[in-house]
Amino acid sequence: MAVTASTPIELVEGVYARFEERIDAARERLGRSLTLAEKILIAHLDDPTAAFERGVTYNDLRPDRVAMQDATAQMALLQFMTAGLPEVAVPSTVHCDHLIQARENGRIDLLAAEEGNAEVYDFLESVSARYGIGFWKPGSGIIHQVVLEQYAFPGGMMVGTDSHTPNAGGLGMIAVGVGGADAVDVMTGFPFNVRWPRLIGVHLTGELSGWSAPKDVILKVADILTVKGGTGAIVEYFGPGARSLSCTGKATICNMGAEIGATTSLFAYDDAMSRYLKATGREQIAAAADGVAPHLRPDDEVLANPGGFYDEVIEIDLSTLEPHINGPHTPDLARPVGALGAEATEKGWPLEISAALVGSCTNSSYEDISRAASILRHAADNGLKVKAPLMITPGSEQVRATIARDGLLEVFEAAGATVLANACGPCIGQWARPAEANDHVNTIVTSYNRNFPKRNDGSANTLAFVTSPETVVALALAGTLDFNPLTGTLTNEAGEQVQLRVPVGEELPARGFDPGESGFIAPPADRASVEVVVQPTSDRLQLLEPFAAWDGQDYLDLPILLKAQGKCTTDHISMAGPWLKYRGHLENISGNLFLGAVNAFTGVAGEGKDQLDGSTRSFPDIARHYHEAGQPWVAVGDENWGEGSSREHAAMEPRFRGAKAIIVRSFARIHEANLKKQGVLGLTFDDPATYDQVGEDDRISILGLADLAPGRQVDCLLHKPDGTEIPFRCNHTMSDEHIEWFRAGSALNIIRARTQA
Ligand code: MIC
Ligand code: SF4
């Protein structure tokens, strides 16, 4: 099927045509009613009769679409190219959003990005043209916003090479964030293999009002479930409160489900989704969805007795939900906005706000911007000025053009805000922030989703707090964290006390969306002649060499390159910001390996002891030294290793540098899958206390690898420098198929062998 700028109705109808028969059959087979997630998954099973068990079986699914953003597409497509196929097997798109650095303003920054990233953009455009992939130029918007506007549909299923792909759950789609290698499976015509998820139900009652926003729902959920509470689960929202939320508000909630590690999050098809589909020119899809509406929501019995169908049920009353703010450093540290001032004072976090940022894939809808603008407008009318630098990143060209037409951007500009490109910008460290802003501990507030250290401006001095766009704007007006917009007043130019007006917004633009300048390039009819160029001298792109197959031997006496203390997210493993430019060059990007990881033996980030010569140097240098010396190694870590991004670089870099295993207390889902795909053993300590026994100069042996089997523990030995040996056991979640990948050296090696056979 040709790739177009929007999901064609035929694709949607094809999916809906399977629903009734499959769902009825499954209901009968299981002898019970079904949740929405189950219905959609069943409709996308590769083998409709396959057995599945929550949290246990790995199942093959057939997603309808693939979406890739530029920072992950490079590696995904470099892998795809090695499969030697003429075109992608399912409709796929590439979105250029991560590589634009925020410096001056949207227009100037876009031009600079086009010039600075020309080689990468040319590669992505030509590789897209060659293999039948739709290409969205830089400036057209952030992947998840564009997907919501153009490609998502209720009851559909997609994978995307970005952890916030679940944004499309706001439009009732099962949208799963994956590493590039998983996307390659789907694009090469193989199924997407994932563990059948557990199901968490979130029952929403009441209705939001005043300062409370959809963002507060997910900040609350993250507070309850924590950053690992959603691992391996689909979070399904239901109840009257769910129906009261706009489609883009639902998307905000689903988007940030990534922060609790959920496989994806999902809302049932309802009027708000129908309105959004119609407003974005997809009347036919809305009509088709109406036709299968009962299949696009949980069965009545599930709604009547959620506890009998979900593994866990959370209750949230939107009417009493207060505006929340989270941070610093972790997305699950939430509290009501009004409580932050006292906490910040007690903890010594600077109250003064050094920058306020609105936007990102999470919170840049028309509704978000109109609510935030309403506060600025009222403030301006009452002599209030913004006290912190304010920046806004529209989520898409369509949103930008529409808010420009409707005078909303003007309100931001009049308040002195900088309008940045329709791109990720400071959300992913693409922020040329003046050094004087962060050479000291400072506080920023954003409407983004993540707040790991160094994420936004590369500085560990910056403490990032995440909240709704309306609260960001209120805090920008106050200039201090110590302000509760619900109760506080601000002093205006005339010395009067002004209370901010409660934000009001419009769910959808009354005059419809203005599409702006289209950034979509369809693949040409004659694709065979398109040349894809990767210069051997390039420092940004490098063709991939297959990883070596397992040599059949156990791993003996491996040095511990890193024992990480505390959080070790993908940002700690493979930092973004300035390193984004090497995302298509495995060797060069390996120069950032573990730069953010905190060494448990010293408390210092980014460096450790080289066991070959005893020197202290940076982790990437040690890794290069081990690699060149042919010395395989392991890394050890704590809970939720690999939290955060889908970037498979965090698995490919260790693999490339000779890591044999990553041994931790627990893993985040996407990262664990990425390790398996690249042939690295992902092991978890059977006894979490073993972590504490691991010393700096110890070595680890991993034994019995020839007998690796699903569910079978792996025997390991910890060798102390004095010759003592401490046996310990590890668990893994590898299926037979995953073990095959390990033996072959990577999953891609198997695909290559199959497509070339
Ligand atoms: C992020 O929000 O961390 C990113 C940057 O979008 C990543 C993808 C990447 O690292 O390229 C994600 O969320 O998957
Ligand atoms: Fe981009 Fe930030 Fe969204 Fe990731 S979370 S896709 S970096 S806007």
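Student: Which residue's side chain meets the side chain of D182 in a salt bridge?

Tutor: Quick ground rules: this is a predicted model, in which local features need pLDDT of at least 70 and side-chain atom pairs pLDDT 80 or more, while totals for chains, interfaces and linings use all residues. Residues are numbered from 1 along each chain as its sequence is written, chains are lettered from A and ligands numbered from 1 in the order written, and side-chain values use heavy atoms, leaving out hydrogens and water. A salt bridge here is a side-chain nitrogen of Lys or Arg within 4 Å of a carboxyl oxygen of Asp or Glu. At 3.5 Å from N to O, the partner of D182 is K677.

Student: How many residues apart are D182 and K677?

Tutor: D182 is in helix α7, while K677 is in helix α24 (residues 669–677). Helices are DSSP runs of H or I with at least four residues, strands are runs of E with at least two, and both are numbered from the N terminus. So the pair links distant parts of the chain, and the separation is 495 residues.

Student: Why is D182 called buried?

Tutor: Buried means under 20% relative accessible area, exposed means over 50%, and partly exposed is in between (1.4 Å probe, protein chains only). K677 is buried too. D182 falls under that cut-off because its relative accessible area is 5%.

Student: Which residues is D182 in contact with, leaving aside those within four places in sequence?

Tutor: Contact means heavy atoms within 4.5 Å. The salt-bridge partner K677 turns up again. The full set is F192, N193, A673 and K677.

Student: How many residues apart in sequence are the parts tied together by R511 and D406?

Tutor: The side chains of R511 and D406 meet in a salt bridge, 3.5 Å from N to O. R511 lies in the loop between β20 and β21, and D406 in the loop between α16 and α17, so the pair ties together parts whose separation is 105 residues.

Student: Which residues are linked in a network of salt bridges with R27?

Tutor: Start with R27 and D24, whose closest N and O atoms are 3.0 Å apart. Both lie in helix α1, 3 residues apart, about one turn of the helix. An α-helix has 3.6 residues a turn, so residues three or four places apart point the same way. In the network, R27 is linked with D24, K39 and D299.

Student: How far from R752 is the nearest side chain of opposite charge?

Tutor: R752 sits in helix α27 (residues 747–756) and is buried, yet has no salt bridge. Lys and Arg count as positive, Asp and Glu as negative, with His and the chain ends not counted. By that rule the nearest opposite charge is E545, and the distance is 8.1 Å.

Student: How many of the residues of helix α2 are buried?

Tutor: Helix α2 covers residues 36–43. Its buried residues, including L36 and K39, pack against several elements, among them α1 and β1. The helix is mostly covered, and the count is 8 of 8.

Student: How much space lies in the largest cavity?

Tutor: On a 1 Å grid over the protein atoms alone, a cavity is a set of points where a 1.4 Å probe fits but cannot get out, and lining residues have an atom within 4 Å of a point. Points join across faces, edges and corners, and volume is the space filled by probe spheres set on them. The search finds 9 cavities of 30 Å³ or more, with 20 residues lining the largest, including Q69 and H98 close to its centre. Its volume is about 200 Å³.

Definitions and conventions:
1 Å grid on protein atoms, 1.4 Å probe; cavity = no way out; pocket = protein on both sides within 12 Å on 5 of 7 lines; lining within 4 Å.
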